[in-house]
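Good morning, everyone. Please take a moment to look over the sequence and the structure on the screen before I begin.

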There are 2 protein chains.
Amino acid sequence: MAAFSARALPGIPEIRPGEDLAGIVAAALADAGPAPGAVVAIAHTVVSKAEGAVVELASVEPGPRARELALEQRKDPRLVQVVLEQSAEVLRAERGVLIARTHHGFVCANAGVDVSNAGASDRAIVLPADPDASARAIRARLGSPVPAVVVTDSFGRAWRHGQLDAAIGLAGLQPLDDWRGRTDSEGTELEATWLAVADAIAAASDLARAKDSREPVVLIEGLERFVTEADGPGARPLLRALEEDLFR
Amino acid sequence: MAAFSARALPGIPEIRPGEDLAGIVAAALADAGPAPGAVVAIAHTVVSKAEGAVVELASVEPGPRARELALEQRKDPRLVQVVLEQSAEVLRAERGVLIARTHHGFVCANAGVDVSNAGASDRAIVLPADPDASARAIRARLGSPVPAVVVTDSFGRAWRHGQLDAAIGLAGLQPLDDWRGRTDSEGTELEATWLAVADAIAAASDLARAKDSREPVVLIEGLERFVTEADGPGARPLLRALEEDLFR
């Protein structure tokens, strides 16, 4: 039996820069009374806001490359400038979307820069500088039994429509579950079984929130087999090395 | 509140060609007593087996292209022949993995051909010929309250390690939930919110099974907002059109 459940935690207020997000999550979690080995999935937007990873577009001076890309893709040149600053590399620029590899190594639209939910139309929310560190810092503030923490963002996919939430920061959660080369209950080799645990949990968490309400924090119970006492390696093991990237 | 839960249904036996999978699922479901608006996620391997979508490798005569690719990628030429027959196009052949677009339009490793769990080492399981039709046929046999049916397969990702289960066939489930252009509870536009509902459910379902036991059928309850009375458009809307493919 590996049944699990997911529910959004109520009562999370609008988060502003400098707000004590970990304290707010801890309080909501205490009310919820999580089972041991729970996982808390947090949408990065509130993590970014609490950390001040927010850029006032009015303060941005777009450079020549941003102006050129913005013209070509019909985007706000200030927003494009922010995307370029967040990017190690722009992989595609098509149909108004910039697919970029961020400095962290995530491949996503607009380098994870989000202009929605910013509390004002002239702000951009960028990804946390170190989402694994964000997850660890929040986890350290959560009471006993200590849950795992996943920081999530919604990513598009190369070949499929729509988005799935993916794990960009982790503390206390096994990122992957590698069964390649192992055998199943009948002794047949499980050849291609390499579950992206943290991404599956992130994707599941998004199903537990109503999109039109502010429910950035989701509690998942029943997956304690993936929860670790140590904070562990974070989300980096989920990233393909550049030379293994199937996109190139 | 949009809480949900997922649990694997016990008692599903090994499925052989011609077996009445829908009847077996219906019985397991009746024992579980699903809530109205439930979703049943079924690993395609059992659907393929029941439909006889199984190829005896001993009966396969590899052609010249299969022999060449097999030599280059150090694979069984008979298996490569099966992959080629399942493929509309081979997009990449690297490090022993063929990334192919199947005739259905799915982009995945080895065109979804699976040599594990075949019940014998010399068989390949291929994808169902029409997974939406498979989902509809199973759904038509399930009792009241009628659940949605998702047929799943484990797919790799272009930029990230590990696999997630994705929806390859659907009946009675909304594939995508498009909130682009809509506003959140505070009136801010939800710019990039286009949830791949069916894929998120598929990914979640894989967390509810123990990998080393045979638990191909997972019951998900609490997501009735995505369940439809009509069988609906199936999984096709999840596929990017060729010209929108970010991989090219």
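I will go from the overall form of one chain to a small sheet, and then to the nonpolar core.

A word on the source: this is a predicted model, in which local features need pLDDT of at least 70, side-chain atom pairs count only at pLDDT 80 or more, and totals for chains, interfaces and linings use all residues. Residues are numbered from 1 along each chain as its sequence is written, while chains are lettered from A and ligands numbered from 1 in the order in which they are written.

Chain A has six helices and 12 strands, where helices (H or I, at least four residues) and strands (E, at least two) are DSSP runs numbered from the N terminus. Its C-alpha atoms fill a box of roughly 60 × 45 × 30 Å along the principal axes. The radius of gyration of chain A is 19 Å, which agrees with the value near 18 Å for a compact globule of 248 residues; it is taken over C-alpha atoms, and the globule rule is 2.2 Å times the number of residues to the power 0.38. Of the 248 residues of chain A, 49% count as buried, which means that 20 or more other C-beta atoms, placed from the backbone, lie within 10 Å of the residue's own.

Now to the sheet in chain A, an open one of three strands in the order 4-5-6 with antiparallel pairing; two strands pair if DSSP finds at least two bridges between them. Strand 4 (87-94) and strand 6 (107-109) of chain A stand at the edges, each with a single partner strand, so one side of each has no neighbour in the sheet. Strand 5 (residues 97-102) of chain A is joined to strand 6 of chain A by three bridges, and A:I99 stands opposite A:A109.

In chain B, strand 5 (residues 97-102) is mostly covered, with five of its six residues buried. Six bridges join it to strand 4 (residues 87-94) of chain B in the antiparallel sense, and in that hairpin, which has two residues between the strands, B:R95 takes a positive phi near 50°.

Which residues touch the most other members of the largest nonpolar core? Of its 150 residues, they are A:V150, A:I201, B:V150 and B:I201, a nonpolar core being a set of buried Ala, Val, Leu, Ile, Met, Phe, Trp, Tyr and Cys residues joined through C-beta atoms within 7 Å. Leaving aside neighbours within four places in sequence, B:V150 is in contact (C-beta atoms, placed from the backbone, within 7 Å) with residues including B:V39, B:L170 and B:I201.

Technical notes:
A residue is buried if 20 or more other C-beta atoms lie within 10 Å of its own, exposed if 12 or fewer, and partly exposed in between; C-beta atoms are placed from the backbone. Two residues are in contact if their C-beta atoms, placed from the backbone, lie within 7 Å.
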